[in-house]
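Hi,

Here is the structure I said I would pass on. Have a look at it first, and my notes follow underneath.

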Amino acid sequence: MTEPATEFPPPKILTLSPAHKPILITQGAEGRLYKTPSPFQPNKFCALKYRPPKPYRHPILDARLTKARISSEAKVLDRCYREGVPVPAVLAKDAAAGWMMIEWIEGEPVRVGINTWLGERPEDDAVVDSNQEDETALIDLMKRIGVAVGALHRTGVVHGDLTTSNMMLRPWAEDGLPNGNGSNSEKAKAVAGDVVVIDFGLAMQSQSDEDRAVDLYVLERAFASTHPRAERLFHHILDSYREAFKKAPSVLNKLEDVRMRGRKRSMLG
């Protein structure tokens, strides 16, 4: 859906090529995400994150905050990309104008892939029966998530909003898909692909076990609420995280403390 120019004007960078109208993908309280043809690679797209001016803020303060947040997010993404963390590449930015252009990641969010694999919700809300269904493809995805988060934390970055909506499944080539036919193969395709972590608007650089544990706790709670029938498989993410990140044992110990605090808050309301 193309954004109405009169209601939501895009940044100037997206108006320089009248032949290509940007597509508004999502709009939040702080910013907008557009899909637009890449100026760097023919026949490819890129994503442009734009933080428009906030009329409720003082203009000088708003400009400073916008510049700082765009610069911070771009710096974190650049660091992750250099260290081999699966994140979109930063292609260009103008922090003063409030935008950052990044690589467009093809594919579906991990959330969609997992829910496609799980299929229709049973009437009794039962969990997946591991004795009746081959869960190999889903478990493999869990392990890839753990590796991606481990790489992120190893780089000294905490995401701040780890959910299966903020991870993409970038498709593999056809020869990377599972062999065989039938429903199991089709379900496996739904969770196939490289896990790419996106949306670093709340990310920060941190070496703190506490911050890393909170990152994992946010993912765990988001997983439980979004994919409750597969919650029992979450430990595969943590097992893979432990293998990918040598400091994981101390982070996972801290995770127990974070869980305890979370349970106490729930009990106290």
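Let me start with a weak spot: residues 179–183 stay under 50 in pLDDT, and the model has two contacts beyond four places in sequence for them. This is a predicted model, so I went through the confidence before anything else. Residues 1–6 also stay under 50, with 11 contacts beyond four places in sequence. For the chain as a whole, the average pLDDT is 87, and 85% of the residues score at least 70.

Now the sheet. Five strands form an open sheet with antiparallel pairing, in the order β1-β2-β3-β5-β4. The edges are taken by β1 (23–27) and β4 (90–94); each has a single partner strand, so one side of each is left without a neighbour in the sheet. On average, and ignoring direction, neighbouring strands here are turned by 20° against each other. If you want to check one pairing by eye, try β1 with β2 (residues 32–37): they run antiparallel and share four bridges. Within that pair, Thr26 has Leu33 in β2 as its bridge partner. Helix α1 (residues 59–82) packs on this sheet, where it touches β3 (45–50), β4 and β5 (99–103). The direction of α1 makes about 20° with that of β5.

Next, the nonpolar cores. Which residues touch the most other members of the largest one? They are Ile145 and Phe200, in a core of 52 residues. Helix α3 (residues 136–154) supplies the largest share of this core, with 10 residues. Both domain 1 (5–103) and domain 2 (108–261) contribute, each with at least three residues.

Phe200 is a good place to zoom in. Leaving out residues up to four places away in sequence, Phe200 touches Lys49, Glu73, Val76, Leu77, Cys80, Val87, Leu152, Val157 and His159. Apart from the largest core lies another one, made of eight residues, including Leu14, Leu48, Tyr50 and Met101.

One last residue to click on: is Ser240 buried or exposed? Ser240 has a relative accessible area of 6%, under the 20% cut-off, so it counts as buried. Ser240 lies in helix α6 (residues 235–244). Again leaving out residues up to four places away in sequence, Ser240 touches Lys143, Gly146 and Val147.

That's what I have so far.

Cheers

Terms used
Residues are numbered from 1 along each chain as its sequence is written. This is a predicted model: local features need pLDDT of at least 70, side-chain atom pairs count only at pLDDT 80 or more; totals for chains, interfaces and linings use all residues. Side-chain values use heavy atoms; hydrogens and water are left out. Two strands pair if DSSP finds at least two bridges between them. Helices (H or I, at least four residues) and strands (E, at least two) are DSSP runs, numbered from the N terminus. Axes are lines fitted to C-alpha atoms, for helices over the stretch in contact, and angles run from 0 to 180 degrees between N-to-C directions. Contact means heavy atoms within 4.5 Å. Buried means under 20% relative accessible area, exposed over 50%, partly exposed in between (1.4 Å probe, protein chains only). A nonpolar core is a set of buried Ala, Val, Leu, Ile, Met, Phe, Trp, Tyr and Cys residues joined through side-chain atoms within 4.5 Å. Domain bounds come from an automatic or database domain assignment. pLDDT is the predictor's confidence in each residue, from 0 to 100.
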